[in-house]
Amino acid sequence: MTAVSAVIRNQGVIPLTRIPVVSYPEFIRVVDELMTGGLHCVNYFAWAEGDMLKFIICLANDSDGTIHLLMHKSPKRTGLQLDALSLQHYQLHIFEREISENFGVDFTGHPWPKPVRYAWNRADQSKLINNYPFYKIDSDELHEVGVGPIHAGVIEPGHFRFLCNGETVLHLEIQLGWQHRGVESLFLTKPGLLQRTILSESIASDTSVGHSLAFVSLLESLAGINPGETLEMERTLALELERIAMHLGDLSNVNIGMAYQLASAVFGTLRTPVINYTQTWCGNRFGKGLNRVGGSHYPFNDELAAKLLDLMNKVEETAKPMADRLFGLPSFLMRSESIGRVTEAQTRLIGAVGMAARNAGVARDIRVTHPFASYRNHPIESQTLTQGDVWARMMLRNLELNDSVYYVRDLTRTWMDTHEPVSVPAEEKKLQLAADSFAVSLVEGWRGEVCHCAVTGSNGAIVHYKVKDPSLHNWMALALSLRNLEISDFPINNKSYNLSYCGFDL
Amino acid sequence: MVSLLIILICSLFIPGIIVKTKALFSGRKGPGVFQPWLDIIRLLKKGSVYSSVSSYVFQLGATTYLASVIVAALVVPFDQYPSVISFPGDFVMFAYLLALGRFLIIISALDVSSGFEGMGANREAFYSLLAEPAFFILMGSLAMFTGYTSFHDIYSHLHYADRYAVIIAIISGYVLANFTLVENSRLPVDDPLTHLELTMVHEVMVLDHSGFDLGLIKIANNLKLVLLNTLSINCFIPQDWPVALQVITFLLLQTVFAAGVGYVESFRARNKMAMNPQFILSISAISLILIFVIIILNNKI
């Protein structure tokens, strides 16, 4: 039998004609076979081309670093019915819901057929956020508690509905889709390179380096540009700095939720010099403006490198004693251990990625399995814990924080020894993207795998762009973590995941 | 009168001292010690907003709560100096005046029919139910020990009745201090600073109170904190000291208590909600020890 699926590597490009297009039953068979073999889905989406609807699935093999691609086609018409793959592989539920929402495809047998984000160009305009089909249990003993969409801390909008038996949560349903920026369609309607780059930085501002790195790598692979080792090192430094800053911020934030003031103050104030460093480097605390296609406007220099080494020493000196104290504090342990447990089986079932997977025994880290940028030549160690509770999520942040500090230090020294001049970003008019191709770019942001995919047309213009934030998978982990837990434990659970609302809503 | 005066004076700065201590421990400068009262003045200048689904029950809440705390303040003595009102069994009235205020706040929280406030009311009712035995076992033991049943008489005779009075004063001071933490929704039972409705106890009940009403509730909270503090501090001040020294010691102990609360709240996390009943019952358990000590001392067994 010939190759049943096309195989590429992370940040690879493949002509569309080389991706096998199979019938839907065959598609189901191959996907089922691959996923049963342990592959996880990084993206599955559809786009309309003429009167045809084209579907493509990207399955990542964590053991050999490959990504399997497979397509199927259907004529575009209302009421199109396809068998739901989610029945066998539940992690696909969110992708099938998205396709169903955007194109009106009816996945028969889908266990949870609900709208995802109420995009403006959704197929069925009669589906409104006000008539979202909430899960209900008819009982006089149970009560519902609705939280949001306006958040108590006025962060982002999201509605949480708890079905409670007294103080115990039986079920939590998370309803998102309150923001309507239309990021994916903006990628098509705003053709300018700078417009698109800035857009990628704004997908989720707490992951601006992660998302913009995914975007620029994608475009570089489509345009055949090799960014060069030095530039890759600089980008990797920025990505790790983002991870350090966000982990510090989250360690602080969970402690605010637990009312442990000391740790929240120490980690919180330590985050400031880290993001201020990024500002010194590129003028923006979140690293906006740093990642540009083919080069950099803010080349790293020796002075910055020396400052970075100092900063890493400071982070290590301050964070370590605080972490030792925190993880030995009885009241913290009481508050965090066995709270919000998600098992390994559940994690695999829902296809959680990144931190949400690694805290529950699923070693899923793109930096290790599908290395990109400097992780290819300078491997990083990835940590996996098995407990899957609030404690594990806090501990994992602490461990990753330490690893990142060491890694940044090593990489900075390597940069000092080996760096070469970095070119200025490529000019838009000189950028020629590969025609009729498909490209995928995976980046391990601090939350988990960020996946950007692009499909180009016959003149090299992008005809479809797909963004996937790790939160798309991971919100389900938060919902599961609340099962049979006290409702008062929701805030620390939510903070311990710290998922993205805008990364989901797009 | 002297007791009421000194309680009012303390309530001016004690809440501010807790906030200041916490700020200093976290490396911030923090607001001035009178900031809580400046906030209250700001609130009092505003009007109140009433939800269209609430009734007169909701509007009763804040006023009755403050009134009940003020009347309760009248029976609290300062050391051997009498309170404004004193009669046998006044500590029972004290406890149930506070309970009355709490009841009104609870039903005003239920009146707005919000899921959050219902949960908060449920928790508050449950915790105060558990905390009540601690107070009555303690006051009952002290009444049995001294042979009197009013706050003033109990405190005036506590120090002279027996040389074991020191131990008894220490245990009752400890129990009352913990009782104060529970009653005033401080750590580890509640977190007065949290913005997370789902974890709140007292704060979530007053979410719908605004402006003037919220100001009244905050005044009542401040008074209640100092009132209950006074009950435990009274156990420690010797009665043969000159009055000036007693006042200074009293103010000092109030400050130390407030700073202590600030210290505790800076260096520990709060309890898991399910642990709270256990924590509150342990206070009752300690007061049970006291009653057995006193039974033995009085040769009742």
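Guide: A residue counts as buried if 20 or more other C-beta atoms lie within 10 Å of its own, as exposed if 12 or fewer do, and as partly exposed in between, with C-beta atoms placed from the backbone. This is a predicted model, where local features need pLDDT of at least 70, side-chain atom pairs count only at pLDDT 80 or more, and totals for chains, interfaces and linings use all residues. Residues are numbered from 1 along each chain as its sequence is written, while chains are lettered from A and ligands numbered from 1 in the order in which they are written.

Visitor: What makes strand β13 of chain A largely enclosed?

Guide: Seven of the eight residues of β13(A), residues 449-456, are buried, so the rest of the structure largely encloses this strand. A strand here is a DSSP run of E with at least two residues; a helix is a run of H or I with at least four; both are numbered from the N terminus.

Visitor: How do you know that β12(A) and β13(A) pair?

Guide: Pairing takes at least two DSSP bridges between two strands. β12(A), residues 437-444, is joined to β13(A) by seven, so they pair, and they run antiparallel. Phe438(A) stands opposite Val455(A). The two strands form a hairpin with four residues between them. Gly448(A), in that turn, has a positive phi of about 155 degrees.

Visitor: Which strand pairs with β13(A) over six bridges?

Guide: That is β14(A), residues 462-468, again in the antiparallel sense. Cys453(A) has Lys466(A) in β14(A) as its bridge partner. Five residues lie between the strands of this hairpin, and Gly460(A) takes a positive phi near 90 degrees.

Visitor: Why is Asn474(A) called buried?

Guide: Asn474(A) has 27 C-beta neighbours inside 10 Å, so it counts as buried. Asn474(A) lies in helix α14 of chain A, residues 471-481.

Visitor: Which residues does Asn474(A) touch?

Guide: Leave out residues up to four places away in sequence. Asn474(A) then touches Ala352(A), Val353(A), Ala356(A), Gly448(A), Tyr497(A) and Leu499(A). Contact means that the C-beta atoms, placed from the backbone, lie within 7 Å. Gly448(A) is also the turn residue of the β12(A)-β13(A) hairpin.

Visitor: What is notable about the phi of Gln11(A)?

Guide: Phi of Gln11(A) is near 60 degrees, a positive value in a residue other than glycine. Most residues other than glycine have a negative phi. Gln11(A) sits in the loop between β1 (6-9) and β2 (13-15) of chain A. With 22 other C-beta atoms within 10 Å, Gln11(A) is buried.

Visitor: Where is Asn498(A) found?

Guide: Asn498(A) is in the loop between α15 (490-497) and α16 (502-505) of chain A. Its phi is positive too, near 45 degrees. Asn498(A) has 22 other C-beta atoms within 10 Å, so it is buried.

Visitor: Which residues touch the most other members of the largest nonpolar core?

Guide: They are Ile57(A), Cys58(A), Leu59(A) and Ala477(A), in a core of 133 residues. A nonpolar core is a set of buried Ala, Val, Leu, Ile, Met, Phe, Trp, Tyr and Cys residues joined through C-beta atoms within 7 Å. A second, separate core has 88 residues, including Val19(B) and Tyr155(B).

Visitor: What stands opposite Leu59(A)?

Guide: Cys41(A) stands opposite Leu59(A) of β5(A). β4(A), residues 40-49, and β5(A), residues 52-61, pair in the antiparallel sense over nine bridges. β4(A) is mostly covered, with seven of its ten residues buried. Two residues lie between the strands of this hairpin, where Gly50(A) takes a positive phi near 65 degrees.

Visitor: Why do β9 and β15 of chain A stand at the edges of their sheet?

Guide: The open sheet has four strands in the order β9-β10-β11-β15 (chain A), with antiparallel pairing. β9 and β15 (485-486) each have a single partner strand, so one side of each is left without a neighbour in the sheet.

Visitor: How many residues of chain A are in contact with chain B?

Guide: 24 residues of chain A are in contact with 24 residues of chain B. β9 (143-147), α7 (261-282), α9 (330-336) and α15 of chain A each supply at least two residues of chain A's side. That side divides into 14 nonpolar, seven polar and three charged residues. Ala, Val, Leu, Ile, Met, Phe, Trp, Tyr, Cys and Pro count as nonpolar, Asp, Glu, Lys and Arg as charged, and the others, Gly among them, as polar.

Visitor: How do you know that the span of α5(B) is close to the expected one?

Guide: The expected span is 1.5 Å times one less than the number of residues. α5(B), residues 115-146, has 32 residues, for which 46 Å is expected, and reaches 47 Å from its first C-alpha to its last. Gly147(B), just after α5(B), takes a positive phi of about 85 degrees.

Technical notes. Contact = placed C-beta atoms within 7 Å.
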